[in-house]
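Biologist: I would like to learn how to read aromatic clusters and DNA contacts in a model. Could we go through one together?
Modeller: Gladly; let us bring it up and begin with the rings.

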Protein chains: 2
Amino acid sequence: MARSTPSTRERIQEVALEMFARQGVQRTSLQDIANRLGITKPALYYHFSSRDDLVRSIVNPLIQEGEELVARHEQRDPVVVSELLEDYFDFHYRHREKLMLVLTELRILGEIESIDAALDWRRRLVGLVFGPEPTLDQAARAIMAFGGIQDCCLQLPDAPHQRLRTAAVDAALTVLGAAA
Amino acid sequence: MARSTPSTRERIQEVALEMFARQGVQRTSLQDIANRLGITKPALYYHFSSRDDLVRSIVNPLIQEGEELVARHEQRDPVVVSELLEDYFDFHYRHREKLMLVLTELRILGEIESIDAALDWRRRLVGLVFGPEPTLDQAARAIMAFGGIQDCCLQLPDAPHQRLRTAAVDAALTVLGAAA
DNA sequence: GTCTATATGCGGATAGAC
DNA sequence: GTCTATCCGCATATAGAC
(Lines give C-alpha, C1' and ligand atoms only; values in the text may rest on other atoms or scores of the structure.)
Protein backbone atom coordinates (compact mmCIF):
# COMPACT_ATOMS: atom_id res chain seq x y z
CA MET A 1 0.00 0.00 0.00
CA ALA A 2 2.44 2.67 -1.08
CA ARG A 3 -0.37 5.22 -1.24
CA SER A 4 1.63 7.30 -3.62
CA THR A 5 -0.37 10.13 -5.11
CA PRO A 6 -3.29 8.29 -6.67
CA SER A 7 -3.88 8.80 -10.36
CA THR A 8 -6.72 11.04 -11.43
CA ARG A 9 -8.57 7.98 -12.58
CA GLU A 10 -8.32 6.46 -9.13
CA ARG A 11 -9.31 9.68 -7.43
CA ILE A 12 -12.41 9.81 -9.60
CA GLN A 13 -13.36 6.28 -8.61
CA GLU A 14 -12.79 7.06 -4.95
CA VAL A 15 -14.91 10.19 -4.94
CA ALA A 16 -17.58 8.59 -7.11
CA LEU A 17 -17.90 5.61 -4.77
CA GLU A 18 -18.25 7.90 -1.79
CA MET A 19 -20.89 10.06 -3.43
CA PHE A 20 -22.76 7.12 -4.96
CA ALA A 21 -22.93 5.50 -1.54
CA ARG A 22 -24.11 8.64 0.18
CA GLN A 23 -26.71 10.02 -2.20
CA GLY A 24 -27.33 7.25 -4.70
CA VAL A 25 -26.01 6.53 -8.17
CA GLN A 26 -28.79 8.14 -10.13
CA ARG A 27 -28.79 11.29 -8.08
CA THR A 28 -25.07 11.86 -8.46
CA SER A 29 -24.30 13.71 -11.66
CA LEU A 30 -20.96 13.69 -13.37
CA GLN A 31 -21.01 17.42 -12.73
CA ASP A 32 -21.16 16.77 -8.99
CA ILE A 33 -18.21 14.43 -9.13
CA ALA A 34 -16.16 16.78 -11.27
CA ASN A 35 -16.88 19.75 -9.01
CA ARG A 36 -15.86 17.80 -5.96
CA LEU A 37 -12.52 16.99 -7.58
CA GLY A 38 -11.96 20.48 -8.88
CA ILE A 39 -11.94 19.31 -12.48
CA THR A 40 -14.46 19.64 -15.29
CA LYS A 41 -16.89 17.27 -16.85
CA PRO A 42 -14.91 16.82 -20.07
CA ALA A 43 -11.86 15.92 -18.01
CA LEU A 44 -13.95 13.16 -16.49
CA TYR A 45 -14.96 11.92 -19.91
CA TYR A 46 -11.31 11.58 -20.77
CA HIS A 47 -11.02 8.84 -18.14
CA PHE A 48 -14.39 7.16 -18.47
CA SER A 49 -16.30 6.91 -21.70
CA SER A 50 -19.69 7.13 -20.01
CA ARG A 51 -21.43 7.12 -16.70
CA ASP A 52 -22.05 3.38 -16.88
CA ASP A 53 -18.40 2.85 -17.65
CA LEU A 54 -17.52 4.53 -14.38
CA VAL A 55 -20.00 2.43 -12.42
CA ARG A 56 -18.72 -0.72 -14.09
CA SER A 57 -15.12 0.14 -13.23
CA ILE A 58 -16.10 0.31 -9.58
CA VAL A 59 -18.31 -2.77 -9.41
CA ASN A 60 -16.55 -5.20 -11.75
CA PRO A 61 -13.47 -5.89 -9.59
CA LEU A 62 -15.88 -6.91 -6.86
CA ILE A 63 -17.69 -9.39 -9.08
CA GLN A 64 -14.34 -10.67 -10.25
CA GLU A 65 -13.09 -11.26 -6.73
CA GLY A 66 -16.32 -13.00 -5.76
CA GLU A 67 -15.99 -15.36 -8.70
CA GLU A 68 -12.44 -16.20 -7.71
CA LEU A 69 -13.61 -17.01 -4.20
CA VAL A 70 -16.17 -19.47 -5.50
CA ALA A 71 -13.76 -20.98 -8.02
CA ARG A 72 -11.19 -21.56 -5.27
CA HIS A 73 -13.65 -23.51 -3.18
CA GLU A 74 -14.99 -25.42 -6.16
CA GLN A 75 -11.54 -26.87 -6.63
CA ARG A 76 -11.41 -28.23 -3.10
CA ASP A 77 -12.27 -31.82 -2.38
CA PRO A 78 -14.01 -32.12 -0.07
CA VAL A 79 -15.60 -28.72 0.28
CA VAL A 80 -15.20 -27.41 3.82
CA VAL A 81 -18.43 -25.53 4.44
CA SER A 82 -17.26 -23.68 7.55
CA GLU A 83 -14.27 -22.27 5.71
CA LEU A 84 -16.42 -21.34 2.76
CA LEU A 85 -18.71 -19.38 5.07
CA GLU A 86 -15.76 -17.70 6.76
CA ASP A 87 -14.28 -16.63 3.45
CA TYR A 88 -17.70 -15.50 2.33
CA PHE A 89 -18.05 -13.38 5.45
CA ASP A 90 -14.58 -11.87 5.11
CA PHE A 91 -15.23 -10.98 1.51
CA HIS A 92 -18.41 -9.12 2.39
CA TYR A 93 -16.95 -7.47 5.44
CA ARG A 94 -13.92 -6.23 3.55
CA HIS A 95 -16.00 -4.74 0.77
CA ARG A 96 -19.02 -3.65 2.74
CA GLU A 97 -18.95 -0.09 1.46
CA LYS A 98 -19.09 -1.12 -2.17
CA LEU A 99 -21.58 -3.85 -1.41
CA MET A 100 -23.84 -1.43 0.36
CA LEU A 101 -23.83 0.54 -2.85
CA VAL A 102 -24.70 -2.46 -4.98
CA LEU A 103 -27.37 -3.77 -2.64
CA THR A 104 -29.18 -0.51 -2.02
CA GLU A 105 -29.33 -0.11 -5.75
CA LEU A 106 -29.50 -3.68 -7.01
CA ARG A 107 -30.93 -2.45 -10.24
CA ILE A 108 -27.56 -1.12 -11.33
CA LEU A 109 -26.37 -4.71 -11.70
CA GLY A 110 -28.84 -5.02 -14.52
CA GLU A 111 -27.81 -1.73 -16.00
CA ILE A 112 -24.19 -2.75 -16.29
CA GLU A 113 -25.15 -6.20 -17.55
CA SER A 114 -23.78 -8.02 -14.53
CA ILE A 115 -27.02 -9.47 -13.29
CA ASP A 116 -26.38 -12.86 -14.88
CA ALA A 117 -22.98 -13.11 -13.26
CA ALA A 118 -24.52 -12.35 -9.88
CA LEU A 119 -27.25 -14.96 -10.25
CA ASP A 120 -24.79 -17.57 -11.43
CA TRP A 121 -22.59 -16.82 -8.46
CA ARG A 122 -25.48 -17.54 -6.07
CA ARG A 123 -26.27 -20.76 -7.88
CA ARG A 124 -22.72 -21.99 -7.60
CA LEU A 125 -22.55 -21.17 -3.89
CA VAL A 126 -25.62 -23.30 -3.24
CA GLY A 127 -24.09 -26.04 -5.37
CA LEU A 128 -20.98 -26.07 -3.20
CA VAL A 129 -23.04 -26.93 -0.14
CA PHE A 130 -25.87 -29.07 -1.47
CA GLY A 131 -24.83 -30.19 -4.94
CA PRO A 132 -26.29 -29.16 -8.28
CA GLU A 133 -29.89 -30.21 -7.56
CA PRO A 134 -30.84 -29.05 -4.08
CA THR A 135 -34.26 -29.79 -2.62
CA LEU A 136 -36.56 -26.89 -1.87
CA ASP A 137 -35.73 -27.16 1.79
CA GLN A 138 -32.03 -27.05 1.06
CA ALA A 139 -32.41 -24.12 -1.30
CA ALA A 140 -34.28 -22.17 1.35
CA ARG A 141 -31.59 -22.86 3.92
CA ALA A 142 -28.80 -21.89 1.58
CA ILE A 143 -30.54 -18.61 0.74
CA MET A 144 -30.96 -17.91 4.42
CA ALA A 145 -27.36 -18.75 5.31
CA PHE A 146 -25.59 -16.84 2.54
CA GLY A 147 -28.03 -13.96 2.48
CA GLY A 148 -27.88 -13.73 6.24
CA ILE A 149 -24.11 -13.45 6.35
CA GLN A 150 -24.31 -10.68 3.81
CA ASP A 151 -27.01 -8.87 5.77
CA CYS A 152 -25.09 -9.17 9.01
CA CYS A 153 -22.11 -7.38 7.47
CA LEU A 154 -24.29 -4.58 6.20
CA GLN A 155 -26.74 -4.18 9.04
CA LEU A 156 -24.35 -4.50 11.96
CA PRO A 157 -21.46 -2.36 10.74
CA ASP A 158 -20.53 -1.19 14.24
CA ALA A 159 -20.15 -4.61 15.77
CA PRO A 160 -16.60 -5.78 16.55
CA HIS A 161 -15.26 -7.62 13.52
CA GLN A 162 -14.27 -10.94 15.07
CA ARG A 163 -17.34 -11.34 17.24
CA LEU A 164 -19.60 -10.54 14.33
CA ARG A 165 -17.75 -13.06 12.19
CA THR A 166 -18.24 -15.81 14.73
CA ALA A 167 -21.89 -14.95 15.29
CA ALA A 168 -22.75 -14.81 11.60
CA VAL A 169 -20.88 -17.97 10.62
CA ASP A 170 -22.26 -19.92 13.58
CA ALA A 171 -25.80 -18.91 12.73
CA ALA A 172 -25.28 -19.90 9.10
CA LEU A 173 -23.85 -23.26 10.10
CA THR A 174 -26.91 -23.83 12.25
CA VAL A 175 -29.31 -23.40 9.32
CA LEU A 176 -27.22 -25.42 6.93
CA GLY A 177 -26.37 -28.13 9.42
CA ALA A 178 -29.97 -29.10 10.00
CA ALA A 179 -30.27 -30.12 6.35
CA ALA A 180 -26.84 -31.56 5.59
CA MET B 1 -63.46 -8.11 -5.79
CA ALA B 2 -66.02 -6.38 -7.96
CA ARG B 3 -63.30 -5.33 -10.40
CA SER B 4 -65.52 -2.59 -11.71
CA THR B 5 -63.78 -0.32 -14.18
CA PRO B 6 -60.83 0.97 -12.19
CA SER B 7 -60.47 4.71 -11.78
CA THR B 8 -57.82 6.49 -13.80
CA ARG B 9 -55.87 6.96 -10.62
CA GLU B 10 -55.85 3.23 -10.03
CA ARG B 11 -54.93 2.48 -13.60
CA ILE B 12 -51.95 4.81 -13.29
CA GLN B 13 -50.78 3.02 -10.16
CA GLU B 14 -51.20 -0.36 -11.82
CA VAL B 15 -49.24 0.53 -14.92
CA ALA B 16 -46.61 2.40 -12.92
CA LEU B 17 -46.03 -0.58 -10.65
CA GLU B 18 -45.66 -2.87 -13.61
CA MET B 19 -43.19 -0.59 -15.39
CA PHE B 20 -41.27 0.24 -12.22
CA ALA B 21 -40.87 -3.46 -11.52
CA ARG B 22 -39.79 -4.27 -15.05
CA GLN B 23 -37.38 -1.47 -15.89
CA GLY B 24 -36.73 0.28 -12.60
CA VAL B 25 -38.16 3.36 -10.94
CA GLN B 26 -35.48 5.78 -12.05
CA ARG B 27 -35.60 4.68 -15.64
CA THR B 28 -39.36 4.98 -15.93
CA SER B 29 -40.38 8.53 -16.75
CA LEU B 30 -43.82 9.99 -16.27
CA GLN B 31 -43.84 10.30 -20.03
CA ASP B 32 -43.42 6.53 -20.39
CA ILE B 33 -46.31 5.88 -18.03
CA ALA B 34 -48.56 8.42 -19.72
CA ASN B 35 -47.82 7.02 -23.18
CA ARG B 36 -48.60 3.53 -22.04
CA LEU B 37 -51.99 4.69 -20.78
CA GLY B 38 -52.74 6.78 -23.83
CA ILE B 39 -52.90 9.97 -21.80
CA THR B 40 -50.56 12.94 -21.44
CA LYS B 41 -48.18 14.00 -18.73
CA PRO B 42 -50.36 16.83 -17.41
CA ALA B 43 -53.23 14.40 -17.04
CA LEU B 44 -50.96 12.39 -14.79
CA TYR B 45 -50.18 15.45 -12.73
CA TYR B 46 -53.86 15.93 -12.14
CA HIS B 47 -53.87 12.70 -10.15
CA PHE B 48 -50.46 12.87 -8.49
CA SER B 49 -48.79 16.08 -7.46
CA SER B 50 -45.29 14.80 -8.24
CA ARG B 51 -43.34 11.77 -9.21
CA ASP B 52 -42.48 10.98 -5.60
CA ASP B 53 -46.13 11.28 -4.72
CA LEU B 54 -46.90 8.49 -7.17
CA VAL B 55 -44.15 6.26 -5.78
CA ARG B 56 -45.32 6.95 -2.26
CA SER B 57 -48.89 6.06 -3.13
CA ILE B 58 -47.70 2.65 -4.26
CA VAL B 59 -45.29 1.88 -1.44
CA ASN B 60 -47.01 3.41 1.60
CA PRO B 61 -49.89 0.92 1.89
CA LEU B 62 -47.26 -1.79 2.10
CA ILE B 63 -45.41 -0.10 4.93
CA GLN B 64 -48.71 0.50 6.64
CA GLU B 65 -49.70 -3.15 6.43
CA GLY B 66 -46.30 -4.26 7.70
CA GLU B 67 -46.64 -2.00 10.71
CA GLU B 68 -50.04 -3.41 11.48
CA LEU B 69 -48.61 -6.92 11.37
CA VAL B 70 -45.95 -6.05 13.92
CA ALA B 71 -48.39 -4.14 16.12
CA ARG B 72 -50.73 -7.14 16.16
CA HIS B 73 -48.01 -9.45 17.42
CA GLU B 74 -46.72 -6.91 19.90
CA GLN B 75 -50.07 -7.06 21.62
CA ARG B 76 -49.88 -10.80 22.09
CA ASP B 77 -48.71 -12.28 25.34
CA PRO B 78 -46.84 -14.46 25.01
CA VAL B 79 -45.46 -13.88 21.52
CA VAL B 80 -45.77 -17.03 19.41
CA VAL B 81 -42.67 -16.95 17.25
CA SER B 82 -43.77 -19.61 14.80
CA GLU B 83 -46.98 -17.70 14.05
CA LEU B 84 -45.07 -14.45 13.71
CA LEU B 85 -42.81 -16.07 11.15
CA GLU B 86 -45.76 -17.53 9.27
CA ASP B 87 -47.52 -14.18 9.13
CA TYR B 88 -44.26 -12.57 8.10
CA PHE B 89 -43.88 -15.06 5.28
CA ASP B 90 -47.47 -14.64 4.09
CA PHE B 91 -47.08 -10.88 4.05
CA HIS B 92 -44.00 -11.06 1.87
CA TYR B 93 -45.39 -13.73 -0.39
CA ARG B 94 -48.62 -11.84 -0.96
CA HIS B 95 -46.82 -8.63 -1.84
CA ARG B 96 -43.79 -10.04 -3.56
CA GLU B 97 -44.17 -7.94 -6.68
CA LYS B 98 -44.18 -4.66 -4.80
CA LEU B 99 -41.48 -5.88 -2.46
CA MET B 100 -39.28 -6.81 -5.36
CA LEU B 101 -39.64 -3.24 -6.46
CA VAL B 102 -38.66 -1.82 -3.09
CA LEU B 103 -35.80 -4.22 -2.49
CA THR B 104 -34.16 -3.95 -5.89
CA GLU B 105 -34.22 -0.22 -5.41
CA LEU B 106 -33.88 0.24 -1.68
CA ARG B 107 -32.77 3.79 -2.24
CA ILE B 108 -36.30 4.85 -3.05
CA LEU B 109 -37.23 4.27 0.57
CA GLY B 110 -34.91 7.10 1.43
CA GLU B 111 -36.27 9.27 -1.33
CA ILE B 112 -39.83 9.02 -0.05
CA GLU B 113 -38.65 9.47 3.54
CA SER B 114 -39.74 6.00 4.63
CA ILE B 115 -36.33 4.70 5.52
CA ASP B 116 -36.80 5.36 9.23
CA ALA B 117 -40.10 3.49 9.25
CA ALA B 118 -38.41 0.52 7.59
CA LEU B 119 -35.52 0.45 10.04
CA ASP B 120 -37.85 0.79 13.02
CA TRP B 121 -39.90 -2.07 11.68
CA ARG B 122 -36.87 -4.35 11.64
CA ARG B 123 -35.93 -3.28 15.15
CA ARG B 124 -39.37 -4.11 16.49
CA LEU B 125 -39.36 -7.52 14.80
CA VAL B 126 -36.12 -8.44 16.54
CA GLY B 127 -37.56 -7.14 19.80
CA LEU B 128 -40.52 -9.48 19.48
CA VAL B 129 -38.23 -12.48 19.47
CA PHE B 130 -35.33 -11.48 21.71
CA GLY B 131 -36.50 -8.47 23.67
CA PRO B 132 -35.32 -4.88 23.40
CA GLU B 133 -31.61 -5.55 24.02
CA PRO B 134 -30.54 -8.59 22.01
CA THR B 135 -27.00 -9.92 22.19
CA LEU B 136 -24.89 -9.78 19.04
CA ASP B 137 -25.48 -13.46 18.48
CA GLN B 138 -29.23 -13.00 18.76
CA ALA B 139 -29.19 -9.98 16.47
CA ALA B 140 -27.32 -11.97 13.83
CA ARG B 141 -29.79 -14.82 14.04
CA ALA B 142 -32.78 -12.52 13.83
CA ILE B 143 -31.33 -10.81 10.76
CA MET B 144 -30.76 -14.18 9.17
CA ALA B 145 -34.23 -15.50 9.97
CA PHE B 146 -36.31 -12.50 8.90
CA GLY B 147 -34.08 -11.58 5.98
CA GLY B 148 -34.02 -15.19 4.85
CA ILE B 149 -37.79 -15.51 4.77
CA GLN B 150 -37.94 -12.37 2.70
CA ASP B 151 -35.27 -13.63 0.31
CA CYS B 152 -36.98 -16.99 -0.08
CA CYS B 153 -40.16 -15.29 -1.28
CA LEU B 154 -38.27 -13.23 -3.79
CA GLN B 155 -35.70 -15.72 -5.01
CA LEU B 156 -37.89 -18.79 -5.26
CA PRO B 157 -40.98 -17.32 -6.88
CA ASP B 158 -41.80 -20.50 -8.81
CA ALA B 159 -41.84 -22.82 -5.83
CA PRO B 160 -45.24 -24.12 -4.69
CA HIS B 161 -46.60 -21.72 -2.10
CA GLN B 162 -47.26 -24.09 0.80
CA ARG B 163 -44.05 -26.07 0.49
CA LEU B 164 -42.03 -22.88 0.30
CA ARG B 165 -43.83 -21.53 3.34
CA THR B 166 -42.98 -24.60 5.38
CA ALA B 167 -39.37 -24.68 4.20
CA ALA B 168 -38.74 -21.00 4.91
CA VAL B 169 -40.42 -20.94 8.31
CA ASP B 170 -38.73 -24.17 9.41
CA ALA B 171 -35.34 -22.84 8.44
CA ALA B 172 -35.99 -19.60 10.30
CA LEU B 173 -37.11 -21.46 13.40
CA THR B 174 -33.90 -23.46 13.26
CA VAL B 175 -31.71 -20.35 13.41
CA LEU B 176 -33.78 -18.65 16.07
CA GLY B 177 -34.29 -21.77 18.14
CA ALA B 178 -30.60 -22.29 18.73
CA ALA B 179 -30.44 -18.97 20.58
CA ALA B 180 -33.79 -18.83 22.35
C1' DG C 1 -4.47 15.27 -19.50
C1' DT C 2 -7.24 19.04 -18.83
C1' DC C 3 -9.58 23.04 -20.31
C1' DT C 4 -13.65 26.32 -22.65
C1' DA C 5 -17.53 26.22 -25.07
C1' DT C 6 -21.38 24.24 -26.70
C1' DA C 7 -24.82 20.90 -28.83
C1' DT C 8 -28.68 18.27 -27.83
C1' DG C 9 -32.19 16.08 -25.64
C1' DC C 10 -35.08 14.63 -21.89
C1' DG C 11 -37.28 14.95 -17.50
C1' DG C 12 -40.20 17.19 -14.15
C1' DA C 13 -43.40 20.50 -13.70
C1' DT C 14 -46.87 24.48 -14.66
C1' DA C 15 -50.31 27.73 -17.14
C1' DG C 16 -54.34 28.04 -19.08
C1' DA C 17 -57.85 26.41 -22.61
C1' DC C 18 -61.57 23.00 -23.44
C1' DG D 1 -60.36 15.28 -16.20
C1' DT D 2 -57.75 15.90 -20.02
C1' DC D 3 -55.54 18.59 -23.44
C1' DT D 4 -51.77 21.93 -25.93
C1' DA D 5 -48.02 24.48 -25.27
C1' DT D 6 -44.18 25.68 -22.91
C1' DC D 7 -40.59 26.66 -19.21
C1' DC D 8 -36.66 25.43 -16.90
C1' DG D 9 -32.91 22.88 -15.59
C1' DC D 10 -29.78 19.38 -15.89
C1' DA D 11 -27.49 15.37 -17.82
C1' DT D 12 -24.79 13.20 -21.30
C1' DA D 13 -21.71 13.93 -24.63
C1' DT D 14 -18.50 16.14 -28.24
C1' DA D 15 -15.28 19.56 -30.68
C1' DG D 16 -11.31 21.62 -30.53
C1' DA D 17 -7.77 24.66 -28.07
C1' DC D 18 -3.83 24.55 -24.77
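Biologist: Which residues do ring pairs link into a cluster?
Modeller: Keep in mind that this is a predicted model. The cluster joined by ring pairs is made of A:Tyr88, A:Phe91, A:Trp121 and A:Phe146.

Biologist: How many aromatic pairs does a search of the whole structure find, and how is a pair described?
Modeller: In general, one gives the distance of the ring centres and the angle of the planes. Over all chains, the search finds eight aromatic pairs. In one of these, A:Tyr88 meets A:Phe146 edge-to-face, with 5.0 Å from centre to centre and 75° between the planes. This pair connects distant parts of the chain, since A:Tyr88 belongs to helix α5 (residues 81-94) of chain A and A:Phe146 to helix α9 (residues 136-155) of chain A, 58 residues apart.

Biologist: Are A:Tyr88 and A:Phe146 buried or exposed?
Modeller: A:Tyr88 and A:Phe146 are both buried. A further edge-to-face pair is A:Phe91 with A:Trp121, at 5.9 Å centre to centre and 70° between the planes. Here too distant parts of the chain are linked: A:Phe91 sits in helix α5 of chain A and A:Trp121 in helix α8 (residues 115-130) of chain A, 30 residues apart.

Biologist: Why is A:Phe91 called buried, and why A:Trp121?
Modeller: The cut-off for buried is under 20% relative accessible area. A:Phe91 counts as buried because its relative accessible area is 3%. A:Trp121 counts as buried because its value is 13%.

Biologist: Rings can also have a charge over them. Which residue lies over the face of A:Tyr93?
Modeller: That is A:Arg96, at 4.0 Å from the ring centre. In chain B, the charged end of B:Arg96 sits over the ring of B:Tyr93, 4.0 Å from the centre of that ring.

Biologist: Now to the DNA. How many residues surround DNA strand D, and which are the closest?
Modeller: A good way in is to list the neighbours, and then look at single atoms. DNA strand D is surrounded by 15 residues, the closest being A:Lys41, A:Tyr45, A:Arg51, B:Thr40 and B:Tyr46. Of the strand D atoms within 4 Å of the protein, 57% belong to sugar or phosphate, and the rest to bases.

Biologist: Which part of strand D does the side chain of A:Lys41 approach?
Modeller: An N or O atom in the A:Lys41 side chain is 3.1 Å from a base oxygen of DNA strand D. For A:Arg51, a polar side-chain atom is 2.3 Å from a phosphate oxygen of strand D. B:Thr40 also has a side-chain N or O atom at 2.7 Å from a phosphate oxygen of that strand.

Biologist: Which element supplies the largest share of the surface near DNA strand D?
Modeller: That is α3(B), with four residues. By class, this surface has seven nonpolar, six polar and two charged residues.

Biologist: And which residues are closest to DNA strand C?
Modeller: Of the 15 residues around DNA strand C, the closest are A:Thr8, A:His47, B:Lys41, B:Tyr45 and B:Arg51. Phosphate oxygens of strand C lie 2.8 Å from a side-chain N or O atom of A:Thr8, 3.0 Å from one of A:Tyr46 and 2.6 Å from one of A:His47. For the surface near strand C, α3(A) gives the most, with four residues.

Notes: Residues are numbered from 1 along each chain as its sequence is written. Chains are lettered from A and ligands numbered from 1 in the order in which they are written. This is a predicted model: local features need pLDDT of at least 70, side-chain atom pairs count only at pLDDT 80 or more; totals for chains, interfaces and linings use all residues. Side-chain values use heavy atoms; hydrogens and water are left out. A residue is near a molecule or strand if one of its heavy atoms lies within 4 Å of it. A polar contact is a pair of N or O atoms within 3.5 Å; within protein, one must be able to donate a hydrogen and the other to accept it, and residues adjacent in sequence count only if both atoms are side-chain atoms. Helices (H or I, at least four residues) and strands (E, at least two) are DSSP runs, numbered from the N terminus. Ala, Val, Leu, Ile, Met, Phe, Trp, Tyr, Cys and Pro count as nonpolar, Asp, Glu, Lys and Arg as charged, and the others, Gly among them, as polar. Rings of Phe, Tyr and Trp (its six-membered ring) pair if their centres lie within 6.5 Å; planes under 30 degrees apart count as stacked, over 60 as edge-to-face and the rest as tilted. Buried means under 20% relative accessible area, exposed over 50%, partly exposed in between (1.4 Å probe, protein chains only). A charge sits over a ring if NZ of Lys or CZ of Arg is within 6 Å of the ring centre and within 35 degrees of the ring normal.
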